[in-house]
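Trainee: I would like to practise reading burial, contacts and helix packing from a model. Can we go through them one at a time?

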Amino acid sequence: HVVFLPANGEEENEDALIRISDGYFSELYLFLGMAEEEFDEYDDLVIPMDNWVKALGFWKDFVEATDYDAFVEKAAGIDYEKWSVSNKFVMERLGWNGTNLWKRRRENAVMLDGLLEWTQKYKNSHDCIRTYGY
């Protein structure tokens, strides 16, 4: 697992510490990447709160999507007229593990719901999320 806690700069709120297990790392890699943040389960990170909230929004959009292909097209910025992809990271990530994420998106929404609730408590009083890898 990786430890996550809200912080203001160097001052961490240790009372709000949560652990996210490796079963959700694929979602963290994808959705934090979509928010232009790198996730690394082995490293200690500082994620600006705005980007954390944005990543959870992408995850929520994924869970609520009714069509995988439509989600991929929108998230990756596929333009069939120009035959281009504006977000190659998304295409690479979803091409590598997207269908597995899609199949388990509903069951993993439980973690998302918990993270949304947790974030709601701290997003206005903290400026970042700190992570501690293993």
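Trainee: Is Asn 124 buried or exposed, and what decides the label?

Mentor: The label rests on relative accessible area, with exposed meaning over 50%. This is a predicted model, and in it Asn 124 has a relative accessible area of 71%, so Asn 124 is exposed. Asn 124 lies in the loop between helix H5 (109–122) and strand S7 (128–132). Take a distance too: Asn 124 and Lys 54 are 14 Å apart, C-alpha to C-alpha, and 70 residues apart in sequence.

Trainee: Where is Ile 129, and what label does its accessibility give?

Mentor: Ile 129 sits in strand S7. Buried means under 20%, so Ile 129, at 1% relative accessibility, counts as buried.

Trainee: What does Ile 129 touch beyond its sequence neighbours?

Mentor: Leave out residues up to four places away in sequence, and Ile 129 touches Phe 4, Leu 5, Pro 6, Leu 45, Val 46, Ile 47, Met 49, Trp 52 and Trp 118. Look at Met 49: its C-alpha is 6.2 Å from that of Ile 129, though 80 residues separate the two in sequence.

Trainee: Now helix H2. How does its length compare with the expected span?

Mentor: Use the rise of 1.5 Å a residue. The 16 residues of H2 should then span 22 Å, and the end C-alpha atoms are 22 Å apart, so the two agree.

Trainee: Which residues of H2 are buried?

Mentor: Met 49, Asn 51, Trp 52, Ala 55, Leu 56, Trp 59, Phe 62 and Val 63 are the buried residues of H2. They cover an arc of only 165° around the axis, which means that they lie on the same side of H2.

Trainee: What about Phe 58, also in H2?

Mentor: Partly exposed covers the range between the buried and exposed cut-offs. Phe 58 has a relative accessible area of 23%, so Phe 58 is partly exposed. Leaving aside neighbours within four places in sequence, Phe 58 is in contact with Phe 31, Met 34, Ala 35 and Phe 71. The C-alpha atoms of Phe 58 and Ala 75 are separated by 8.6 Å, with their positions 17 residues apart along the chain.

Trainee: How do H1 and H2 pack?

Mentor: Read angle, distance and hand. Helix H1 (residues 25–34) and helix H2 (residues 49–64) meet at an angle of about 115°, and their axes are 8 Å apart. The crossing of H1 past H2 is right-handed. H1 brings Glu 27, Leu 28, Phe 31, Leu 32 and Met 34 to the contact, while H2 brings Trp 52, Ala 55, Phe 58, Trp 59 and Phe 62. By class, these residues are 9 nonpolar, no polar and 1 charged.

Trainee: Why is H1 described as largely enclosed?

Mentor: Count its buried residues. In H1, 8 of the 10 residues are buried, so the rest of the structure largely encloses H1. The elements covering these buried residues include strand S1 (2–8), strand S3 (18–20), strand S4 (45–48), H2, helix H3 (68–76) and helix H4 (88–103).

Trainee: Is Glu 27 of H1 buried or exposed?

Mentor: Glu 27 belongs to helix H1. Its relative accessible area is 2%, so Glu 27 is buried. Not counting residues up to four places away in sequence, Glu 27 touches Leu 32, Trp 59, Leu 101, Arg 104 and Asn 108.

Trainee: What backbone value should I check just after H1?

Mentor: Check phi. Glu 36, just after H1, takes a positive phi of about 65°.

Notes. Residues numbered from 1 in each chain as written. Predicted model: local features only at pLDDT ≥ 70, side-chain atom pairs only at ≥ 80, totals over all residues. Heavy atoms only, no water. Axes fitted to C-alpha atoms, helices over the stretch in contact; angles between N-to-C directions. Helix = DSSP H or I, 4+ residues; strand = E, 2+ residues; numbered from the N terminus. Left-handed = near helix turned anticlockwise from the far one by under 90°. Contact = heavy atoms within 4.5 Å. Nonpolar A, V, L, I, M, F, W, Y, C, P; charged D, E, K, R; others polar. Expected span 1.5 Å × (residues − 1). Buried < 20%, exposed > 50% of the residue type's maximum accessible area, 1.4 Å probe, protein only. Arc of directions from axis to C-beta.
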